[in-house]
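Colleague: Hey, I'm new to this one. Can you pull it up and walk me through it?

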Amino acid sequence: MEYSLLRAHHPYALSASPVRRKLALFGIMLVLWLYVLYSCVGSCATVPSLRADRRRPEDAGLRSGIGSRLVPQARAWEDYDQTGVGVFSRDLNNVKSDDVTDVRTFPRNALKGNEAETETETERRGGDAGAERRSPVHSGGLSTFSNGSGTKRLPQAIIVGVKKGGTRALLEFLRVHPDVRAAGAEPHFFDRFYDNGLEWYRDLMPKTLDGQITMEKTPSYFVTREAPARIYSMSRSTKLIVVVRDPVTRAISDYTQTLSKKPDIPSFESLTFKNRTTGLIDTSWSAIQIGIYAKHLDNWLQFFPMRQILFVSGERLITDPAGELGRVQDFLGLKRIITDKHFYFNQTKGFPCLKKAEGSSKPHCLGKTKGRTHPNINPAVVQRLRDFYRPFNMKFYQMTGHNFGWD
């Protein structure tokens, strides 16, 4: 090719034949065409890249705009006052738990444990906590997560007390109702793990469908001073259920439960009195202190009206479970589905059992930790306790407008 070009420009080429002149001209044109084609390919290869670079900021903005419309944006806690949540007076991240246990040491699967777990088993494990800590995502009190079939909601009703009153029995009975979904283990959120935030708490709840009620029960809430304000901050419309029992019987049952775990503890009598000679009751002992119901109720009435609190008789929950469950269903706004046909009385255990438990066709009684035989207590000690509780019981009857017949 180069040789042809040189010949085309040589002086003697002028006398060359017409055929050679045409070939030389064709060669020159071919070289020019190849050069133009090469230049064009190189130039065109850079054009899309330049155009893409110019559009990237616009595309990024578009994607950002779409994302902002699809993903709910975080709001301040004050915005949720109109949704029935109330206003948080302080950031949840700055609130410290009442319990000194570091909940980060507990695995999340501990929360999914035995649904018939007793209060002391929960306390022995340091409560039900998860290993994964998350900051509270301020997505609104009773708003929901879509998560497969149903959504996880904060509870609309909570069984807040009392320990050894019959809270586990009540919860198990309520779970028979198709419109009730309840957490199995006790979350202890409002007394131990409050600093984990509402989203952590919500994640412990079961999924519910529209029209179903989410519930949980933690009996220690009733005697936790901070619990009423914290629940009110979550939702001022929360319905509260308190299962109460003769405080003397309740104290003995409490002691019996502890004795089954720690056989070497002092006698009931020695723990009851500060001074056995004078008969001075030791109100610092939790088994005694829990039974002063009027004192604890006064704390709850600072935040919730009486119409939002239902008191269930632990005694009638044994003798007439369907009657008490009827009252609870009415209080929760549920159709009366749980009736006498759901119960039978277990003579061995001494309390009613379900003919068919939730999700099962078999009879179901509470575990062996329920219905323990109480130790024999000196009748004089029992009478002294009855005298001690009498004025508090009278006050409690007056506050609730109901005589529970403990005297």
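Modeller: Sure. One term before we start: a residue is called buried when its relative accessible area is under 20%, exposed when that is over 50%, and partly exposed in between. Also keep in mind that this is a predicted model.

Colleague: Got it. So which label fits D254 and R250, buried or exposed?

Modeller: Buried, for both D254 and R250. Their side chains also meet in a salt bridge, at 3.1 Å from N to O.

Colleague: Where do D254 and R250 sit?

Modeller: Both are in helix α7, 4 residues apart, which is about one turn of the helix.

Colleague: And which residues are linked with them in a network?

Modeller: K163 joins R250 and D254 in a network of salt bridges.

Colleague: How many salt bridges are there in total?

Modeller: The count comes to 14. One of them pairs the side chains of R386 and D246, at 2.8 Å from N to O. R386 belongs to helix α13 while D246 is in the loop between β7 (239–244) and α7 (247–261), so this pair ties together parts that are 140 residues apart in sequence.

Colleague: Nice. Is R386 buried or partly exposed? And what about D246?

Modeller: R386 has a relative accessible area of 24%, so R386 counts as partly exposed. D246 has 8% relative accessibility, so D246 is buried.

Colleague: Got another salt bridge for me, maybe one within a helix?

Modeller: Try R327 and E324, whose side chains meet at 3.1 Å, N to O. They are 3 residues apart in helix α12 (residues 321–331), so about one helical turn separates them.

Colleague: Why does E324 count as buried?

Modeller: Because its relative accessible area is 3%, and the cut-off for buried is under 20%. R327 is partly exposed, at 32% relative accessibility.

Colleague: Changing topic: where does UniProt place the "active site" feature?

Modeller: The UniProt record, an unreviewed entry, puts "active site" at K164. In the model, K164 is in the loop between β3 (157–161) and α4 (167–174).

Colleague: Is K164 buried or exposed?

Modeller: K164 counts as buried, because its relative accessibility is 9%.

Colleague: What about the helix that follows that loop? How many residues of α4 are buried?

Modeller: 8 of its 8 residues, so α4 is mostly covered given the under 20% cut-off. The buried residues of α4 include R168 and E172, along with L170, L171 and F173.

Colleague: OK, now something on the outside. Is G401 exposed or buried?

Modeller: G401 is exposed, with a relative accessible area of 68%. You'll find G401 in the segment after α13 (379–400).

Colleague: How many residues separate G401 from M306 in sequence, and what is the distance in space?

Modeller: They are 95 residues apart in sequence, and their C-alpha atoms are 9.9 Å apart in space.

Colleague: Let's zoom out. How many helices and strands does the protein have?

Modeller: There are 13 helices and 12 strands. The protein has 407 residues, and buried residues make up 45% of them.

Colleague: What about contacts between residues far along the chain from each other?

Modeller: Taking the contacts with a separation of 6 or more, residues 24 or more positions apart account for 72%.

Colleague: Last one: what does the accessible surface come to?

Modeller: About 21700 Å², with 56% of that belonging to carbon and sulfur atoms.

Terms used
Residues are numbered from 1 along each chain as its sequence is written. This is a predicted model: local features need pLDDT of at least 70, side-chain atom pairs count only at pLDDT 80 or more; totals for chains, interfaces and linings use all residues. Side-chain values use heavy atoms; hydrogens and water are left out. UniProt positions are given in the numbering used here, feature names are shortened, and annotations may be inferred rather than shown by experiment. Helices (H or I, at least four residues) and strands (E, at least two) are DSSP runs, numbered from the N terminus. Buried means under 20% relative accessible area, exposed over 50%, partly exposed in between (1.4 Å probe, protein chains only). A salt bridge is a side-chain nitrogen of Lys or Arg within 4 Å of a carboxyl oxygen of Asp or Glu. Contact means heavy atoms within 4.5 Å. Accessible areas come from the Shrake-Rupley method with a 1.4 Å probe; for residues, only the protein chains shown count as cover.
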